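Here are my notes on your model, set out as numbered points. I hope they are handy to have beside you as you look through it.

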Amino acid sequence: MSGEASYRARSVKGMRDLLPPETAVWNAVEATAREVFGRYGFEEIRTPVVEETELFVRGVGGATDIVGKEMYTFADKKGKSLTLRPENTAPVARAYAQHQLASRPQPLRLYYIGPQFRYERPQKGRYRQFYQIGAEILGDEGPWTDAEVVVMLVRFLEALGFEDLDVLINTVGDRESRERYRERLVGFLSPLADELGEDSRRRLDTNPLRILDTKSPREIELLADAPRLRDSLNDASRAHFDEFCSALGACDVSFRLDDRLVRGLDYYTRTVFEIQSGRLGAQSALVGGGRYDGLVEEVGGPPTPGIGFAIGLDRLVECLPERSELTVTTRPSFAVVRLGEVSMLDAIGLSEELRLDGLEVIAELSGSLRSALRRADRRGSAYAILFGDDELAAGKLTVKRFEDGYQIEVRREGAAQALRDALGLENPS
Ligand code: AMP
């Protein structure tokens, strides 16, 4: 060994490590999602991180906004084009088609939790590997399914402690209404193309509806006189939207109509929604979603209606109102430390016995008693179990509470239960 290591390993740009104790917050959020979604009968799906590139580049010009500049696309060793998934709805639709999930009782309620990848310019809150929690209902086009998804999402956010939620909804109509509107909008905007920004000019060809949610003040001004999507709706689309609104009302979820809400992905039909939180500042969406009745068919499955949402977990965790409450550990943790010359093996054996009986135990066995106690205290252990020759001989353990120095003795035999009784701890359920 020369000792001249020249390689200093670093995580890839835009990709970060999630470290403890932050991971405890993530786990708590994910556990809340599983719990709330479970109550609505949703089941988990896990799709691969890598998919064939075609899955994300479909239809005319691959018009999803993610496509092009933001995808992690590479050739595998045989030259096949693969892509790290930039979102999870298309993979879920692919799985639905591939595994004939239409033959199961419909609709299917699925959720996913996992990493997504976009080659974005890294900036605060934007990562190249980021995480989403999402849910989809496939196989039912009734407006009550739209409501079920939105209501569940609201309940999830409430369970995380959000109180100031603003539910924005809109409809982009069914295909027919949308096509009609698309033509009208392009007709309105084309003469103004020179005044549009570069992104919007590009979208005029690829995804004109997306121009509606521009953040540019100049474009917002131009759009003031644009035809309204709601005026292009056919009767069926209008009725669907009205019933969706009524169903939200029946579940006591308040909402606002927002004409300009169209969401980024081009596969949305009919319902679109977004939930904002005062915590993030105006116009900053916590989560969005919508109906995508054409998607499963586009990836080779039977015509299947679908509706869903995706929440950016990185952002969500950052702006959680009740971080501390979410991560309170219910079990106090113990540190076994050696007093004097008690054997390492006795201390290890004791630690393992307590764990098997359901306690959280760290064996702080190295170094002096003082250093072991200091480490345990810094780690946040609640109690030290002092185990020495005297204790061994007397069949006892000395327990010290870090918080206030309170100290007692408990019997060695059946120590876990003795600790619970002496410290007033609950038995594991
Ligand atoms: P989208 O699929 O673009 O509608 O995004 C859904 C959610 O994913 C948004 O609410 C964002 O919070 C989150 N998101 C999208 N891209 C990123 C990124 N690069 N880094 C972190 N979060 C992201």
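1. Arg375 and Glu364 form a salt bridge, with 2.9 Å between the closest N and O atoms. Arg375 belongs to helix 12 (residues 369-379) and Glu364 to strand 13 (residues 360-364), so this pair ties together parts 11 residues apart in sequence. The two partners are covered to differing degrees: Glu364 is buried, with a relative accessible area of 2%, while Arg375 is partly exposed at 28%. Do keep in mind that this is a predicted model.

2. Another pair to look at is Arg94 with Glu51, whose side chains meet in a salt bridge at 2.8 Å, N to O. Arg94 sits in helix 2 (residues 89-98) and Glu51 in strand 2 (residues 50-52), so the bridge ties together parts that are 43 residues apart in sequence. Both Arg94 and Glu51 are buried.

3. Arg256 and Asp166 also pair through their side chains, at 2.5 Å from N to O. This salt bridge links distant parts of the chain, 90 residues apart: Arg256 is in strand 8 (residues 256-257) and Asp166 in strand 7 (residues 165-171). How exposed is Arg256? Its relative accessibility is 44%, so Arg256 counts as partly exposed. Asp166 is partly exposed too, with a relative accessible area of 23%.

4. On charge pairing as a whole, the count comes to 28 salt bridges. Please also have a look at the network of salt bridges that links Glu141, Asp146, Arg270, Arg291 and Asp293.

5. Turning to the interior, which residues touch the most other members of the largest nonpolar core? They are Phe37, Phe156, Phe309 and Leu316, in a core of 44 residues. Helix 3 (residues 143-159) gives the most to this core, with nine residues. Leaving aside neighbours within four places in sequence, Leu316 is in contact with Val29, Phe156, Leu157, Leu160, Phe162, Leu286 and Ile311. Apart from this core lies another, of 40 residues, which includes Ala93, Leu168, Tyr181 and Leu189.

6. Helix 14 (residues 415-423) has Ala415, Ala416, Ala418, Leu419, Arg420 and Leu423 as its buried residues. Among the elements covering these residues are strand 12 (333-339), helix 11 (344-356), strand 14 (383-388), strand 15 (396-401) and strand 16 (407-411). Just after helix 14 comes Gly424, which takes a positive phi of about 65°.

7. On the surface, Val49, Val50 and Phe74 make a nonpolar patch of about 200 Å². Phe74 is part of strand 3 (residues 72-75). With a relative accessibility of 36%, Phe74 counts as partly exposed, because that value falls between the 20% and 50% limits.

8. How many disulfides are found in the whole structure? The search gives zero. Cys245 is in no disulfide, and its nearest cysteine sulfur, that of Cys251, is 13 Å away. Since a disulfide needs the two sulfur atoms within 2.5 Å, that separation rules the pair out. Cys245 is buried, with a relative accessible area of 14%, whereas Cys251 counts as partly exposed at 35%.

Conventions:
Residues are numbered from 1 along each chain as its sequence is written. This is a predicted model: local features need pLDDT of at least 70, side-chain atom pairs count only at pLDDT 80 or more; totals for chains, interfaces and linings use all residues. Side-chain values use heavy atoms; hydrogens and water are left out. Buried means under 20% relative accessible area, exposed over 50%, partly exposed in between (1.4 Å probe, protein chains only). Helices (H or I, at least four residues) and strands (E, at least two) are DSSP runs, numbered from the N terminus. Contact means heavy atoms within 4.5 Å. Patches are made of residues with over 30% relative accessible area and no salt bridge: like charges are joined within 9 Å, nonpolar side chains (Val, Leu, Ile, Met, Phe, Trp, Tyr) within 5 Å. Accessible areas come from the Shrake-Rupley method with a 1.4 Å probe; for residues, only the protein chains shown count as cover. A salt bridge is a side-chain nitrogen of Lys or Arg within 4 Å of a carboxyl oxygen of Asp or Glu. A nonpolar core is a set of buried Ala, Val, Leu, Ile, Met, Phe, Trp, Tyr and Cys residues joined through side-chain atoms within 4.5 Å.
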